[in-house]
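Subject: Handover of a structure

Dear colleague,

Please find the structure below, together with its sequence. My findings follow it, and I would be grateful if you would read them with the model open.

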Amino acid sequence: MLDSVFTLIIDTVAIVLAGALLLRFWMQAVRVRPPMELAQFTYQLTDWLVRPLRRVLPGAGGYDWASVIGAFLVALVATAVDLLLRGGFSAQTLLLLSLLRVVQWALYGLIGLILIEVIFSWVNPRAPLAPFVRALNDPLMRPLRRVVPLIGTVDLSPLVALILLRIAIQLVTTLVAALL
């Protein structure tokens with residue numbers, strides 16, 4: 001029982017930290033300027049890891065790779081703790097599971113952003129965060145909006161995106177289960 005509580009705490013801390021690192025990468029990749037409060041939270045939470053990594057791995061191609069590597073390192077530590085509690089592992093399994101975990105977190109993050117955008121569109125389309133969230137979702141939603149027609153005034157592309165993301169998560173989960 002104590003193992004499961006410890007794992008829960010490690011996983012929660014890892015998800016929050018890696019989520020902030022992936023958000024930091026995504027904001028920079030889509031060139032979205034976050035609201036001041038969100039920027040301060042994200043940068044203060046992640047600077048201790050990103051700044052030293054940037055010395056070793058500077059941004060390339062206009063992307064902040066230090067944030068992605070930071071998320072991977074967080075996943076690596078969390079996965080190592082989880083596997084140690086299960087009774088051991090190989091280095092190859094650890095690396096692959098950590099990579100799949102980062103992919104899972106990124107997919108769940110995209111689902112969360114889509115759900116937030118949908119809620120904003122229903123409740124308050126003029127909310128201060130709505131343009132920011134819309135801009136974060138735009139690279140994923142724009143191609144789908146070209147393909148999925150409006151039905152009346154209802155945009156079903158978020159539903160299609162959620163289904164596609166769930167399929168991707170199911171594939172990653174199947175890979176993780178096969179490795180364990």
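I begin with one residue, Glu117. Leaving out residues up to four places away in sequence, Glu117 touches Val133, Arg134, Asn137, Met141 and Arg145. Glu117 is found in helix H4. Its relative accessible area is 11%, and because buried residues are those under 20%, Glu117 counts as buried. Please bear in mind throughout that this is a predicted model.

The overall architecture is as follows. The protein chain has 180 residues, of which 37% count as buried. Its secondary structure comprises 6 helices and 0 strands, which gives the pattern α-α-α-α-α-α when read along the sequence. Taken along the principal axes, the C-alpha atoms fill a box of roughly 55 × 35 × 35 Å. The accessible surface of the chain comes to about 10900 Å², and carbon and sulfur atoms account for 71% of that surface. Among contacts with a separation of 6 or more, 63% are between residues 24 or more positions apart.

Helix H4 also matters for the next topic, the nonpolar cores. The largest of these cores has 18 residues. Within this core, the residues with the most contacts are Leu107, Ile111, Ile114, Ala161, Leu165, Val172 and Val176. Two or more residues each are contributed by helix H3 (65-86), helix H4 (91-123), helix H5 (130-147) and helix H6 (157-179). H4 supplies the largest share, with 8 residues. One member of the core, Ile114, is in contact with Asn137, Leu140, Met141, Pro158, Ala161, Leu162 and Leu165, once its neighbours within four places in sequence are set aside. Asn137 and Met141 thus appear among the contacts of Ile114 and also among those of Glu117. There is, in addition, a second, separate core of 15 residues, which includes Ala14, Leu22, Ala71 and Ala75. As general background, nonpolar side chains tend to be buried together in soluble globular proteins.

I turn now to the start of the chain. How do helices H1 and H2 pack against each other? Helix H1 (residues 2-29) and helix H2 (residues 36-56) meet at an angle of about 90°, and their axes are 9 Å apart. The two helices are therefore roughly perpendicular to each other. On the H1 side, the contact is made by Val16, Leu17, Ala20, Leu21, Leu23, Arg24 and Met27. Their partners in H2 are Leu38, Thr42, Tyr43, Leu45, Thr46, Asp47, Trp48, Leu49, Val50 and Arg54. By class, this contact has 12 nonpolar, 2 polar and 3 charged residues.

The loop between H1 and H2 contains Arg31. Although Arg31 is not a glycine, it has a positive phi of about 55°. In general, most residues other than glycine have a negative phi. Arg31 is also exposed, with a relative accessible area of 60%.

A last point concerns Pro143, which is placed in helix H5. Pro143 is partly exposed, with a relative accessible area of 38%. From C-alpha to C-alpha, Pro143 and Ser157 are 9.3 Å apart in space, and they are 14 residues apart in sequence.

With kind regards

Definitions and conventions
Residues numbered from 1 in each chain as written. Predicted model: local features only at pLDDT ≥ 70, side-chain atom pairs only at ≥ 80, totals over all residues. Heavy atoms only, no water. Axes fitted to C-alpha atoms, helices over the stretch in contact; angles between N-to-C directions. Helix = DSSP H or I, 4+ residues; strand = E, 2+ residues; numbered from the N terminus. Parallel < 35°, antiparallel > 145°, perpendicular 65-115°, else oblique. Contact = heavy atoms within 4.5 Å. Nonpolar A, V, L, I, M, F, W, Y, C, P; charged D, E, K, R; others polar. Buried < 20%, exposed > 50% of the residue type's maximum accessible area, 1.4 Å probe, protein only. Areas by Shrake-Rupley, 256 points an atom, 1.4 Å probe, with all protein chains shown as cover. Core = buried A, V, L, I, M, F, W, Y, C linked by side-chain atoms within 4.5 Å.
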